[in-house]
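Here is a chain to look at before any talk begins. Take a moment with it.

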Amino acid sequence: MGDNNKKSLGFASRIQWGSIITPIIGILLGLLVGAIFIWSQGVNPFVAYYYLLEGSILSWASLSGSLVKTVPLALTGLAVLFSYKSEIFNVGAEGQLYLGAIGATIIGINFPGLPMVLHIGLAIAFAGILGAAFAFIPGYLKAYKGINEIVVTMLMNYVALYFLSMIVQGPLKEPDSFFPRSLPMVPSATLPKMFGSHLHVGVLLVIALAVFLAWFFKRTTTGFKMVAAGYNPNALHYAGVNVKYLLTKVMVVSGFIAGTAGAIEIMGVHGRLIENFSVGIGYDAIAVALLANLNPIGTLLSAFFFGALKTGANSMQISTGIPVSFVYMVQAMVILFVVASNEMPRIIKIINKRRLVKKNG
Amino acid sequence: MGELASVIFTAEFLGNSLRFATPLILAAMGGVVNERTGVLNLGIDGMMLIGAFAAFAGSYFTGNPWMGVLIAVISCMLLGLLHAFTTITLVMNQVVVAVAINTFSMGLASSLLRTLFGTSTNALRSPGFSEIGWPQALKDLPFFGPVFFQQTIFVYIAILSVPVIWWVFYKTTWGLKIRAVGEYPKAAETMGVNVAKVRYLALLFAGAMGGLSGAALSITGLNTFIDNMTAGRGFIAFACIIFGRFHPLGAGLGALMFGLAQGLQLRIQTVGIPVAYQIPIMFPYILTLVLLVVMGSGAVPAAWGVPYYPDEE
């Protein structure tokens, strides 16, 4: 496998138990680093982590809060995962999510009187289409012009950010409102809540999508082709597959999923378009997908981990004074440790090789 | 139209734009060096953020802004070292590491801000840099005075860094090594260049420049630190490098353009021109994209983002 050496991303295929153990070890190491920070602030880490747990999962109120935060992370995580399976790095989920939010708002504040299912379906579909159209550009440029998709999506995120800001302060601004925000969605376009909490039905949609994708990548030819396109595009090309077309499609679908994430966040949580509703969800999604080792079901779990961490950190701050932003350090450490441990077998091989080379002169 | 231009393009506007461009130029000059060695460094924003915080905290606690700069530079070099160790020695994915570095920096700066300075909403001020004490005659020069002679030292360091990096790139052996490592590491290694060492040093340098850039943000003017102070400027610096096609002069020009866009945005808001102020800020991104499409990515170093394994066949 000479090709293997060139791939730093090729950790999609690993033995099953490893893909469960490594994230857990990564999370524990991340929490350990976090504990050191907490301890350095003169707070008992066990006490702090107890409050974190209490504020994130130990009551229905906190658990449902964590789940609400999980939904957009999981959806964008699935979007990132979808493209990453073909080794396309969609750093643009953030921008596609903005476009989706704008799309959903346009549908959601108009057409009162539509049946709810139709209205919500329309809003999500339009959001997805805008996200997909936005992702088509980097996808096409990557596949047909060989332009780095990371660079293009990164630049486009900023275009989307300022476009959203312009829309929400301009055409979609609520008349006479002091705040830059849109009109509220009409009731038939807001996602119903469940179990008397803030938890909206978007969570069911995410679970369904994750299960579908798990099946898709395991059992369908297209799913297999996608993974193969990332692993060895040349072989696939000789097998008669139009790899460029496939890669563009991959990016479009990824953008569609990210777009729906924007729609669901707006329709399920905020009820109207506001600036800064995302706070970097699309970037966190990269961490979510990586922690899950690109496993769709795992993505649900890792999104829940990040969602719970964020929710719990609020109560931890109130009780112990440890700032919420500390979870970003834990998050970063988890990414580093998980990716490092996923790469460990290869790293050890490389280091041994280097030693041998040195010995033999 | 001419009237409109005379309202916008004032000496004050140009002076401000140069001030906005300064952190971008500094970060981009560090970035262009590591990108040319083949390391895709998206972690510039995290470095700038830590630089801004360290400069503020260092200046606050020592009472000396120069100590702040020193602490910022050292902190950011440590981040550069982390980037280098993980991507070069451990050969981890460069984008993933950058994501981690940016996330970590945001968490660390924000957490330390709260634990070191308390949660008071009153912005704390540290000692900072003020304008260079040019002779009054220079300061009072029409047009040139406000643009060039009412600036802090960072502006001059930034302007100077562009030709210096250009000179290093194209007139010294070091520059040759940097470019060779980014284009064809295998060949460079054969010629006796230590690829890993060049990349390590490039990332350390990028860190140092990121530290300067962060200091230019936090301790010239407001002399305070706020959460997420860089507001994505590290990514703008990255865009400048792309815009400038990995050439120091091009990247410097890109930074100037982004600075002008920011100045324009401010001007539109203060003068009350009926144009969405977001348009001038969006423009440089779109222009960079268009340039990428029109000119292709031919200028991208061939080994950009590709990890190097020294002993592979």
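What follows is a short exchange about this predicted model.

Colleague: How many helices and how many strands does chain A have?
Modeller: From the N terminus on, each element in the run of chain A is an α element. The secondary structure therefore comes to zero strands and 13 helices.

Colleague: What does the globule rule give for 361 residues, and what is the radius of gyration of chain A?
Modeller: For 361 residues the globule rule gives 21 Å. Chain A comes close to that value, so it is as compact as a globular protein of that length. Its radius of gyration is 22 Å.

Colleague: What share of the residues of chain A count as buried?
Modeller: A residue counts as buried when its relative accessible area is under 20%. Of the 361 residues of chain A, the share that passes is 57%.

Colleague: Is A:Phe217 buried or exposed?
Modeller: A:Phe217 lies in helix 7, which covers residues 202–219 of chain A. Its relative accessible area is 11%. The cut-off is under 20%, so A:Phe217 is buried.

Colleague: Which residue is 79 residues from A:Phe217 in sequence and 9.1 Å from it in space, C-alpha to C-alpha?
Modeller: Leaving aside neighbours within four places in sequence, A:Phe217 is in contact with several residues, including A:Leu81, A:Phe82, A:Lys85 and A:Pro296. The one that lies 79 residues away in sequence and 9.1 Å away in space, C-alpha to C-alpha, is A:Pro296.

Definitions and conventions: Residues numbered from 1 in each chain as written. Chains lettered and ligands numbered in written order. Predicted model: local features only at pLDDT ≥ 70, side-chain atom pairs only at ≥ 80, totals over all residues. Heavy atoms only, no water. Helix = DSSP H or I, 4+ residues; strand = E, 2+ residues; numbered from the N terminus. Rg over C-alpha atoms; globule rule 2.2 N^0.38 Å. Buried < 20%, exposed > 50% of the residue type's maximum accessible area, 1.4 Å probe, protein only. Contact = heavy atoms within 4.5 Å.
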